[in-house]
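Me: I should like to go through this structure by question and answer, beginning with the ligand and then turning to the sheets. Please let each answer close on the item requested.

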Amino acid sequence: MQTVVLKGRGDLAEWRDAARALLADGVDPAAVDWRCGDGAGLFGAAVPPAGAAGASVPRGFIELAAAVVCHRDPGRFALLYRLLVRLQGQRALLDLATDPDVVAARRLEKAVRRDSHKMKAFVRFNELPAAGPRRRFAAWFEPDHHIVARTAPFFARRFADMDWMILTPQGSAVFTDGALAVTDEPAARPDLADPTAALWLTYYASIFNPARVKVKAMQAEMPKKYWKNLPEAGLIADLLAQAPARVAAMATSEAAPAFHARLQARRAEAPAPPPPSSADTLASLRAAARGCTRCPLHGQATQTVFGEGPPRAALMIVGEQPGDREDLAGRPFVGPAGQVLDAALAAAGIDRAGIYVTNAVKHFKHELRGRRRLHRTPDMPEVEQCRWWLAREIALVAPRLVVAMGATALLALTGDRGRLADRRGRLLPLAPGRDLLVTVHPSYLLRLPDPAARAAETAAFHADLALAAATLAA
Ligand code: URA
């Protein structure tokens, strides 16, 4: 029996070097005892020096091994070596989904990926007093596996403009002035308190939708073991207890149809506005838009929902079209999507009163289901007709930066029907002296059923708006 001792937890490079040497020597997997631990040297004397021979493996195996070595299972190194040896004679081994070694490795890989995904979703930063020009944050997280090194680059990309550390019992990641350092040393739980914690709780409570409570699905995505490190988890019991009463209150206050009919009647009585001209002011443009019949959507909406904000705002945010609440109120982003937007603006330090908020399409497109008016995405001709108004708004407001939230806004602003993900999160030229920043629509965040995915996407949305704030500040 040959003993191989890997340092610390044993990372991929270390295992690979040892495994290559064993393979070159033709050592039988059953004759190797893999161990982790400090001090005993890299591996037993019988193993030839690292890199004695290169093993040829399919690419998928490298990816699989990179995940599997992060698992806490002490048998992971032996399992990988067994697969490595078998792959030499069986190139398609990994395609055998029922092979016991492949099944075992895939199970470990899945657990590691899931743990990493949870870390991305459930790390909660607390702000520390600044020690220089960059803001500083710290977080405590308890992963199941050795995923800190694997997951830290995600945070380095996402939070590149701040200094931060993520401490865990499996090691830590520290990001200072753009440099990432990762260690395997277990960290002690720090005592963290953030003065903005109450604000975050308000935010989390406000995005809870009492009409969409699915406790089992929520717990499957956000297992209870994470709750102790999630400040918002303390809200869950109360929010769930209050949900039925809140849903009942929402149902009884559902006065939309009557209100809608009254407004429609009022609109029919209003005199037709004069046609807009190129000498418009924002006020006259808004007045003209009230009578817009450029596309059939005016027939089903309560009223035109025009943009609002200072006439010379440096930042313009463009959404898709008014929703049910906006249609009734006559103002953009005052419903649930508006709350998500407001929270993100607040997190980015952007005062909504100082920006211009509008939509690509100015009338609410929907279909009736009983008493409910369900949103429908505007189609190309509708977007095309409404671009006229949007172009006039941009010309009059002359913003330095335009944020397109969602694919419809992107389409209206650029005519671009490409993938939003390809353009998201970076500045693109829109016109001389004017940039475009593409991000997701807040309603997309509200529709995500998986709380972990929603938290990660919300963080990304906040980061996009933080970029908008930084661009305007620069
Ligand atoms: N969604 C939008 O795109 N705009 C609004 O005003 C409200 C919801």
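Me: Which side-chain atom partner of the ligand is histidine 441, and at what distance does an oxygen atom of the ligand lie from it?
Reply: The model is a predicted one. An N or O atom in the side chain of histidine 441 faces an oxygen atom of the ligand. The distance between the two is 2.6 Å.

Me: How much of the ligand's accessible area does the protein cover?
Reply: On its own, the ligand has 240 Å² of accessible area. The part of this area covered by the protein is 95%.

Me: Which residue has a polar side-chain atom 2.7 Å from a nitrogen atom of the ligand?
Reply: The residues around the ligand include Gly319, Glu320, Phe333, Asn359 and His441. Phenylalanine 333 places a polar backbone atom 2.8 Å from an oxygen atom of the ligand. The side-chain atom at 2.7 Å from a ligand nitrogen belongs to asparagine 359.

Me: How many residues of the shell around the ligand are nonpolar, polar and charged?
Reply: The shell includes Pro322, Glu326, Pro332 and Ala337. Sorted by class, its residues are four nonpolar, five polar and two charged.

Me: Which strands stand at the edges of the sheet ordered S9-S8-S12-S14-S13?
Reply: This open sheet has five strands and mixed pairing. An edge strand here has a single partner strand, so one of its sides is left without a neighbour in the sheet. The strands in that position are S9 (356-359) and S13 (427-431).

Me: What is the bridge partner of valine 318 in S12?
Reply: Strand S8, residues 315-319, and strand S12, residues 401-405, pair in the parallel sense over four bridges. Across this pairing, the partner of valine 318 is alanine 404.

Me: At about what angle does helix H13 run to S9?
Reply: Helix H13, residues 380-397, lies across S8, S9 and strand S14 (434-439). Its angle to S9 is about 165°.

Me: Which strands are at the edges of the sheet ordered S3-S4-S5-S6-S7?
Reply: Five strands make up this open sheet, again with mixed pairing. Each edge strand has a single partner, so one side of it lacks a neighbour in the sheet. These strands are S3 (126-128) and S7 (179-183).

Me: What is the bridge partner of phenylalanine 137 in S5?
Reply: Strand S4 (residues 136-140) and strand S5 (residues 163-168) run parallel and are joined by five bridges. In S5, the residue bridged to phenylalanine 137 is tryptophan 164.

Definitions and conventions. Residues are numbered from 1 along each chain as its sequence is written. This is a predicted model: local features need pLDDT of at least 70, side-chain atom pairs count only at pLDDT 80 or more; totals for chains, interfaces and linings use all residues. Side-chain values use heavy atoms; hydrogens and water are left out. A residue is near a molecule or strand if one of its heavy atoms lies within 4 Å of it. A polar contact is a pair of N or O atoms within 3.5 Å; within protein, one must be able to donate a hydrogen and the other to accept it, and residues adjacent in sequence count only if both atoms are side-chain atoms. Accessible areas come from the Shrake-Rupley method with a 1.4 Å probe; for residues, only the protein chains shown count as cover. Ala, Val, Leu, Ile, Met, Phe, Trp, Tyr, Cys and Pro count as nonpolar, Asp, Glu, Lys and Arg as charged, and the others, Gly among them, as polar. Two strands pair if DSSP finds at least two bridges between them. Helices (H or I, at least four residues) and strands (E, at least two) are DSSP runs, numbered from the N terminus. Contact means heavy atoms within 4.5 Å. Axes are lines fitted to C-alpha atoms, for helices over the stretch in contact, and angles run from 0 to 180 degrees between N-to-C directions.
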